[in-house]
Amino acid sequence: MELRRQHQHGYEYVDEGQGPVLLLLHGLFGALSNWQDVVEEFSTDHRVIIPLLPIYDMPLTQAGVPGLVAYVEGFVKALALPPSFTVLGNSLGGHIALVYALSNPTRVNSLVLTGSSGLFEDSMGGSFPKRGNYAYVQERVGYTFYDPTIATRELVDEVFNVTNSNAKCLRIISIARSAQRHNLSKELTKIGVPTLLVWGLNDTITPPPVAHEFARLLPHAELRFLDHCGHAPMMERPAGFNAYLRHFLRTTETAPAVAA
């Protein structure tokens, strides 16, 4: 299945299937294709929507978590999405999902977080990719996964090109610093919706103790781990990720809403 990109209302996005809405948010170096297997699995009975977040070209003054949350709010309004839906986020996308849920509590009926930032960040393995050093970028991108061969040449090339653009680098640095400033440890107890945490046991960017801390702070969280898996379970262990997500959706889409 090839993801079909749409361009409407000033947004670029994927919109596949019919049914309850799943809004998917990618991470800092992420792309629409990160969610390929989720789209294939769930577009048969859900409407799966993925906005391309303007990480590399948004106004520098807005390049941060609040600016990206505002972008998602505008996107939801422009597409006239239903009153409530499920939001999924990986890495920075999880951080945006959490802040969106805090700011729009009636719009989110459940959350799915995987390798989410918001409590702890060790982006790109603790250091920013060096300009012009392809081998270094290749190593850091591989660090995202348990199996570094998942870091394809195409993916490494994309990140390498980003790191060689001053304008894009400035935005990435601004967003990364914003994510570090917007620590959510004191806010998470306010999120009253069911939340699924799916984590790679071998995640070195947001390690397993971070997942346990999310589970401790979120009032209605369930935590599931996938072995031999790094920071992007939906890419590295898609079958296991989708199985956990399917079970969660069956439970939450039929259960009464949890009071906030």
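These questions and answers walk through a predicted model, from its sheet to its helices and one loop serine.

Trainee: In what order do the eight strands of the open sheet run?
Mentor: The sheet is open, and its pairing is mixed. Strands of a sheet pair through backbone hydrogen bonds, either parallel or antiparallel. The order is β1-β2-β4-β3-β5-β6-β7-β8.

Trainee: Which are the edge strands?
Mentor: Look for strands that pair on one side only. Two fit: residues 5-8 and residues 221-226. The twist averages 25° from one strand to the next. The edge strands are β1 and β8.

Trainee: In what sense do β7 and β8 pair, parallel or antiparallel?
Mentor: Strand β7 covers residues 195-200. Six bridges join β7 to β8. In one of these pairings, W199 has F225 of β8 as its bridge partner. The sense is parallel.

Trainee: Which strands does helix α7 touch, and at what angle to β7 does its direction lie?
Mentor: Helix α7 spans residues 208-217 and packs on the sheet. Its contacts there are with β7 and β8. The angle between the directions of α7 and β7 is about 170°.

Trainee: How do β1 and β2 connect, and which residue in the turn has a positive phi?
Mentor: The two strands pair in the antiparallel sense over four bridges. Q8 has Y11 of β2 as its bridge partner. A hairpin links β1 and β2, with two residues between them. The phi is about 55°, and the residue is H9.

Trainee: Is β2 largely enclosed or open, and why?
Mentor: β2 also pairs with β4, in the antiparallel sense over four bridges. In that pairing, the partner of D15 is I49 of β4. Five of the six residues of β2 are buried, so the strand is largely enclosed by the rest of the structure.

Trainee: Where does N133 sit relative to α4, and what distance marks its role?
Mentor: N133 caps the N-terminal end of α4. One of its side-chain oxygens faces the backbone nitrogen of A135. The distance between these atoms is 3.4 Å.

Trainee: Which helix do the buried residues of α4 pack against?
Mentor: Helix α4 covers residues 134-142. Its buried residues are Y136, V137, R140, V141 and G142. They pack against residues 153-163, which form α5.

Trainee: What span does helix α9 reach from its first C-alpha to its last?
Mentor: Helix α9 runs over residues 238-252 and has 15 residues. Its buried residues include F241, L245, F248 and L249. At 1.5 Å a residue, 21 Å is expected, and the span is close to that, at 21 Å.

Trainee: Is S91 buried or exposed, and why?
Mentor: S91 lies in the loop between β5 and α3. Buried means under 20% relative accessible area. S91 is at 15% relative accessibility, so it counts as buried.

Trainee: With which side chain does the side chain of S91 make a polar contact?
Mentor: S91 touches several residues beyond four places away in sequence, among them G27, T114 and S116. The polar contact links side chain to side chain at 2.9 Å. The partner is H231.

Trainee: How many disulfides does a search of the whole structure find?
Mentor: A disulfide is a covalent bond between the sulfur atoms of two cysteines. C169 counts as buried, at 9% relative accessibility. C229 is buried too, at 0%. The number of disulfides found is zero.

Note on methods:
Residues numbered from 1 in each chain as written. Predicted model: local features only at pLDDT ≥ 70, side-chain atom pairs only at ≥ 80, totals over all residues. Heavy atoms only, no water. Buried < 20%, exposed > 50% of the residue type's maximum accessible area, 1.4 Å probe, protein only. Contact = heavy atoms within 4.5 Å. Polar contact = N/O pair within 3.5 Å; in protein donor to acceptor, adjacent residues only side chain to side chain. Pairing = 2+ DSSP bridges. Axes fitted to C-alpha atoms, helices over the stretch in contact; angles between N-to-C directions. Expected span 1.5 Å × (residues − 1). Disulfide = S-S within 2.5 Å.
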